[in-house]
Amino acid sequence: MRTICSEDHRLHFPQAELHAGQFVTPFERPSRVEYILARLRERGLNDIAAPDPVAMAPIRALCRPDYLAFLEHAWDEWKRAGCAGEIIPASFPARRMNADRAPTNIDGKVGFYALAAETAITAGTWAAALSSAAVAQTAQRIVAGGARAAFALCRPPGHHATADMFGGYCFINNAALAAEAFRADGVARVAVLDIDFHHGNGTQDIFYRRGDVFFASIHGAPEHAFPYYLGYSDETGEGPGEGANLNLPLPPGAGYGPWAEALDAALARIRAFGAEALVVSLGVDAYKDDPISFFTLDSPDFLDAGRRIGRLGLPTLFCMEGGYAIEAIGVNAVNVLEGFLD
Ligand code: Q9C
Ligand code: ZN
């Protein structure tokens, strides 16, 4: 299995994350990629390449133009406004306020395009987000070209990003971009399986009214876990997308027993949907020692999960998402890939 990875992910390295009322070093940090690369090499998965140049047209088709313009120019506007630190949203269009009219003021704009306040934007964030999208695009082409699978080692991650919002460490939805690329290549039915601990609200939102892309997510129940305001099991899709959205929330402390049961349920639905290509949003924050999550999967469980996904027999693109137990992230992510290849 080939891995695609860009050095440019390093351009996004904020110093600050608002966590538990304090600024801490962000959980989503550049070294995550180094641990995964080291483990790939350790396991002989040495086919690692840089991405092709980013294709902007598919990103423009996926995201709202004003959101992309915001991401591209936010840092300059922030500096021009005399703001001293990293871009952190602090004001939001909450209930009964204007959520469809962007302010001109940069501080107002930042909150308008944010879904949470933990994710900082810095000088290199736009370039890094584009490099991450390019990684997904290049890896998707490899699978579309006939490979059984490819690994898009995306950073920053993408599954919380909608067409018009950043947050949850995400800016551009790499998995959604890849799913759309399969559609553009003529694949009639595509499935996105999101095994990150957090609900893939961005991916769900993008495809919610679509019947051609099935979305399934196993995640910490929204009453208890970020992103809190989406991810309930009664969210089943709308209009032409009715029945093409499957949320499998699990309670605090859930271990591999219920998790694997949820995975099998998701895989059965993907099979029944008739998917011809699969995008896996590969987060490994369901791990027992993850600092911001509450499932209790152990490293060998990720091997088993990969095996089950492999038994679907679909052309599969793995897109890296979360995972914050840094010392274990390499083993856990690569275990999914190795299980798949078994
Ligand atoms: N302050 C992904 O796994 N809030 N994003 C967590 C810690 C945000 C996770 C609470 C979590 C985002 C891609
Ligand atoms: Zn996550």
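These notes cover the zinc site, the sheet and two helices of a predicted model.

1. Zinc donors. The zinc ion (ligand 2) is held by Asp196, through two OD contacts, by His198 through ND1, and by Asp285 through OD. The distances run from 1.9 to 2.7 Å. Along the sequence, the spacing of these donor residues reads D-x1-H-x86-D.

2. Where the aspartates sit. Asp196 and Asp285 are 89 residues apart and link distant parts of the chain. Asp196 belongs to the loop between strand S6 (190–194) and helix H7 (201–207). Asp285 belongs to the loop between strand S9 (277–282) and helix H9 (299–310). Both Asp196 and Asp285 are buried.

3. The sheet. Eight strands make up an open sheet with parallel pairing, in the order S4-S1-S5-S10-S9-S6-S7-S8. Strand S4 (48–49) and strand S8 (245–250) are at the edges; each has a single partner strand, so one side of each is left without a neighbour in the sheet. In the strand order, S9 and S6 stand next to each other; these strands precede the loops that carry Asp285 and Asp196.

4. One strand pair in detail. S6 pairs with strand S7 (residues 213–220) in the parallel sense, over five bridges. Within this pairing, Leu193 has Ala216 in S7 as its bridge partner.

5. Helices across the sheet. Helix H6 (residues 174–184) lies across S6, S7, S9 and strand S10 (316–320), and runs at about 175° to S9. Helix H8 (residues 256–273) lies across S6, S7, S8 and S9, at about 175° to S7.

Notes: Residues numbered from 1 in each chain as written. Chains lettered and ligands numbered in written order. Predicted model: local features only at pLDDT ≥ 70, side-chain atom pairs only at ≥ 80, totals over all residues. Heavy atoms only, no water. Donors = N, O, S within 2.8 Å, 3.2 Å for Na, K, Ca; no water. Helix = DSSP H or I, 4+ residues; strand = E, 2+ residues; numbered from the N terminus. Buried < 20%, exposed > 50% of the residue type's maximum accessible area, 1.4 Å probe, protein only. Pairing = 2+ DSSP bridges. Contact = heavy atoms within 4.5 Å. Axes fitted to C-alpha atoms, helices over the stretch in contact; angles between N-to-C directions.
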